[in-house]
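User: I am new to this structure and would like to learn how to read it. Could you take me through some features step by step?

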Amino acid sequence: MLSVVKNQNAGFNNAAFITKNPFLSKVKLIYYYLFASIYGLVGSCSDVVMVNSSWTLNHILSLWKVGHCTNIVYPPCDVQTFLDIPLREKKMTPRHLLVSVAQFRPEKNHALQIRAFAKLLNKKTESLPSLKLVLIGGCRNQDDELRVNQLRKLSEDLGVQEDVEFKINIPFDELKNYLSEATIGLHTMWNEHFGIGVVECMAAGTIILAHNSGGPKLDIVVPHEGEVTGFLAESEDSYAETMAHILSMSAEKRLQIRNSARASVSRFSDQEFEVTFLSSVEKLFK
């Protein structure tokens, strides 16, 4: 956030009216520096620090400077729930599903998914089957519902409304069924600290395409035993190009990636969390 405000970049948590006003940007930057100093002072008093990813670790070390007592403890992900989904490449499917699983919050950047999908459809060749984007997520309040309506309007403006579906607050079994049928799992949040939804998509057997930042980049979508486990992108063009690349792969190649991805997520299981958590707090009981 310090760099976002300093560079006067507009975003969901840095309003445009602030970025356009040098004085307001300066005031906000001073506030953030003051907050960061107090935050760092308090954090430096910790006996044990647990962070949820390498990305978070780097920030905590720069602010709190307590590397001697800081450990990465990945959040517990119920990967076991998704492991009963059979990993098989569908032979004669009339349509590829692209699925996104995330609450309809501004930082999740669903608009990027829709715009990239529209570009993919514009590029689509006759060799590819029909495509459908399914946005699955929860709405917490009226603001989220308004956001969904704005995303529906964006789909209409881009002419892809027939190929985009919104599934709001659906039961878990229905979510699991969509993931079992999906070819690609989409994630577009910039600098997400970890990314439980990314892990769940990989455990379910989708080929993940996540944002090239934060926890997904540093901890989750990384090679496993030298094998590819997924893909990363940043812009509309790079998302569209990578989706096209995944869809153009042979069924055997996609299955190989899905197998590697599923094998890699065991390090985020409930059992692994228990081991690393207890290891981190062990010294408090000596």
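Analyst: Gladly; we will go through strands, helices, loops and a few single residues of this model, which is predicted.

User: Let's begin with the strands. How many residues of strand E4 are buried?

Analyst: A residue is called buried when its relative accessible area is under 20%. Strand E4, residues 130-137, is mostly covered, with 7 of its 8 residues buried.

User: In which sense do E3 and E4 pair, and over how many bridges?

Analyst: They are parallel partners, paired over 7 bridges. To find one spot in this pairing, look for Leu97, which stands opposite Lys132 in E4. E4 also runs parallel to E5, and 5 bridges join these two strands. Here you can pick out Val134, whose bridge partner in E5 is Glu165.

User: What does the chain cross through on its way from E4 to E5?

Analyst: The chain passes through H6, and this β-α-β crossover is right-handed.

User: Then let's turn to H6. What span is expected for this helix, and what does the model show?

Analyst: You can check a helix by comparing its end-to-end reach with the expected rise of 1.5 Å a residue. H6 covers residues 142-157, 16 residues in total, and reaches 22 Å from its first C-alpha to its last, close to the 22 Å expected.

User: Which residues of H6 are buried?

Analyst: They are Asp144, Val148, Leu151, Leu154 and Ser155. These residues lie on the same side of H6, because they cover an arc of only 115° around the axis. What covers them includes H5 and strand E5. Turn to the face directed away from this buried side and you meet the exposed residues Gln142, Asp143 and Asp157.

User: What should I look for at the ends of H6?

Analyst: At the N-terminal end, look for a cap: Asn141 places a side-chain oxygen 3.1 Å from the backbone nitrogen of Asp143. Just after the helix comes Gly159, with a positive phi of about 75°.

User: Where does Arg140 lie, and is it buried or partly exposed?

Analyst: Arg140 is in the loop between E4 and H6. Its relative accessibility is 47%, so it counts as partly exposed. The side chain of Arg140 makes a polar contact with that of Asp144, at 2.7 Å. Leaving out residues up to four places away in sequence, Arg140 touches Gln103 and Arg105. For a sense of scale, its C-alpha is 28 Å from that of Thr19, and the two residues are 121 residues apart along the chain.

User: Which residues other than glycine have a positive phi?

Analyst: The general idea is that most residues other than glycine have a negative phi. Asn109 is one case to look at here, with a positive phi of about 55°. Asn109 sits in the loop between strand E3 (95-101) and helix H5 (110-123), and it counts as partly exposed because its relative accessibility is 31%. Glu225 is another case, with a phi near 55°. You will find Glu225 in the loop between helix H9 (214-220) and strand E8 (231-233); at 73% relative accessibility, this residue counts as exposed.

User: What else lies in the loop between H9 and E8?

Analyst: Thr229 lies there, and it counts as buried because its relative accessibility is 2%. Its side chain reaches the backbone oxygen of Val222 at 2.8 Å. Setting aside neighbours within four places in sequence, Thr229 is in contact with residues including Met202, Ile208, Pro223, His224 and Ile257.

User: What about Arg258: is it buried or exposed?

Analyst: Arg258 counts as buried, because its relative accessibility is 4%. This residue belongs to helix H11, residues 251-264. Its side chain reaches the backbone oxygen of Gly205 at 2.4 Å.

User: Could we try one more helix, H10? Which of its residues are buried, and what arc do they fall within?

Analyst: H10 spans residues 236-248, and its 13 residues should cover 18 Å, which agrees with end C-alpha atoms 18 Å apart. Its buried residues are Tyr239, Ala240, Thr242, Met243, Ile246 and Leu247. Seen down the axis, they fall within an arc of 165°, so they line one face of H10.

Conventions: Residues are numbered from 1 along each chain as its sequence is written. This is a predicted model: local features need pLDDT of at least 70, side-chain atom pairs count only at pLDDT 80 or more; totals for chains, interfaces and linings use all residues. Side-chain values use heavy atoms; hydrogens and water are left out. Helices (H or I, at least four residues) and strands (E, at least two) are DSSP runs, numbered from the N terminus. Buried means under 20% relative accessible area, exposed over 50%, partly exposed in between (1.4 Å probe, protein chains only). A polar contact is a pair of N or O atoms within 3.5 Å; within protein, one must be able to donate a hydrogen and the other to accept it, and residues adjacent in sequence count only if both atoms are side-chain atoms. The expected span of a helix is 1.5 Å times one less than its number of residues. The arc is that of the directions from the helix axis to the C-beta atoms. Contact means heavy atoms within 4.5 Å. Two strands pair if DSSP finds at least two bridges between them. A crossover is right-handed if, with the strands pointing away from the viewer, the path from the first strand over the helix to the second runs clockwise.
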